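Reader: I would like to learn how to read a structure feature by feature, starting from the inside. Could you take me through one?

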Amino acid sequence: MTKKVTTSTLLNMKQQGQKITALTAYDASFAKLFDEQGIDVMLIGDSLGMVLKGSDDTLSVTVEDIAYHTRSVRSGTQRAFVIADMPFMSYATPEQTYQNAAALMAAGASMVKVEGGDWLVDTVKGLNLRGVPVCGHLGLTPQSVHVFGGFKVQGRSDLQAEMLLEHAQDLANAGVQLLVLECVPTSLAQKITESVSIPVIGIGAGAKTDGQILVMHDMFGISANYMPKFSKNYLEQTGDMREAVKSFIEEVQGGVFPDEQHSFE
């Protein structure tokens, strides 16, 4: 029987220096393909608003959207750890947060992901008390794209960097069990990764995090809008989807991806 990846598995991987591999997934067929190749984590991301619905951002995605795709991914998954995004404004109040998180867990998620810093401390604690594991997300948080003025690298100034470091530590202390860092300088991502005991997964955050995640459409070079600097088209170099996933896993585990070309300083 295939041994399932759990939060304990991911923590042990960090402690042993083994890189965690993660991809977004939205349906049973790709979930099965990723699972069979050995992907550790699958995220039903609100990125579906951009790559599936063709929107300019993630803000139109609903809890019902995420729940539908979570059920699909879960049905195709045996081993990987499944995380579901909490969409824009779905965790604005405690009552709303608990109700929406419960819907995503019931759909098959093993953890929910929220975007933001220390203002989420009470939210994380409340979810944990109710049996819901939480993944944090710092740096470029796509749900705040209009506050940032676009999709921009975060943490380049000393003040921003210090703030992100403090937010990461606050979230870890509150009970977050996993953290995603998006579009931050490599040196800052390394500092944050080393400062917290929980696993840190990067996307556009350099190679010094505990693992890497990519949007599957970016990895296959088929995104509807644009290819981010931090992504790599593995299908182009392999010509086969299964080999593309294998190559991604091998390069992450070997510390080859991301290189300087796919990172920020």
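**Reading the core, a strand, a loop residue and a helix**

Author: This is a predicted model, and in it the largest nonpolar core has 86 residues, with Phe34, Leu179, Leu181, Val245 and Phe248 having the most contacts inside it. The largest share of this core, 7 residues, comes from helix H8 (residues 158-174). As a general idea, nonpolar side chains in soluble globular proteins tend to be buried together.

Reader: Which residues does Val245 touch, leaving aside those up to four places away in sequence?

Author: Val245 touches Leu23, Leu33, Phe34, Gln37, Ile39, Met219 and Phe220. One of these, Leu23, leads us to strand E1, which spans residues 20-24.

Reader: How many residues of strand E1 are buried, and which residues lie on each side of E1?

Author: In a regular strand the side chains alternate between the two faces of the sheet. In this case Ile20, Ala22 and Thr24 are on one side of E1, Thr21 and Leu23 are on the other, and all are buried, which leaves both faces covered. Because 5 of the 5 residues of E1 are buried, the strand is largely enclosed by the rest of the structure.

Reader: Which strands are joined to E1 by bridges?

Author: Strand E8 (residues 211-214) runs parallel to E1 and is joined to it by 4 bridges, with Leu23 standing opposite Leu214. Strand E2 (residues 41-44) also runs parallel to E1, through 3 bridges, and there Val41 is the bridge partner of Ala22. Between E1 and E2 the chain passes through helix H2 (residues 28-37), making a β-α-β crossover that is right-handed.

Reader: Where is Ser47 found, and is Ser47 buried or exposed?

Author: Ser47 lies in the loop between E2 and helix H3 (48-51). Its relative accessible area is 13%, and since buried means under 20%, Ser47 counts as buried. The side chain of Ser47 makes a polar contact of 2.7 Å with that of Tyr26, and, not counting residues up to four places away in sequence, Ser47 touches Thr24, Tyr26, Thr58 and Val215.

Reader: Returning to H8, what do the buried residues of this helix pack against?

Author: The buried residues of H8, among them Leu164, Leu165, His167 and Leu171, pack against helix H6 (121-129), strand E5 (134-139), strand E6 (178-182) and helix H9 (186-195). With 17 residues, H8 reaches 24 Å from its first C-alpha to its last, close to the 24 Å expected at 1.5 Å a residue. Just after the helix, Gly175 takes a positive phi of about 120°.

Methods
Residues numbered from 1 in each chain as written. Predicted model: local features only at pLDDT ≥ 70, side-chain atom pairs only at ≥ 80, totals over all residues. Heavy atoms only, no water. Buried < 20%, exposed > 50% of the residue type's maximum accessible area, 1.4 Å probe, protein only. Helix = DSSP H or I, 4+ residues; strand = E, 2+ residues; numbered from the N terminus. Pairing = 2+ DSSP bridges. Right-handed = clockwise from strand over helix to strand, strands pointing away. Core = buried A, V, L, I, M, F, W, Y, C linked by side-chain atoms within 4.5 Å. Contact = heavy atoms within 4.5 Å. Polar contact = N/O pair within 3.5 Å; in protein donor to acceptor, adjacent residues only side chain to side chain. Expected span 1.5 Å × (residues − 1).
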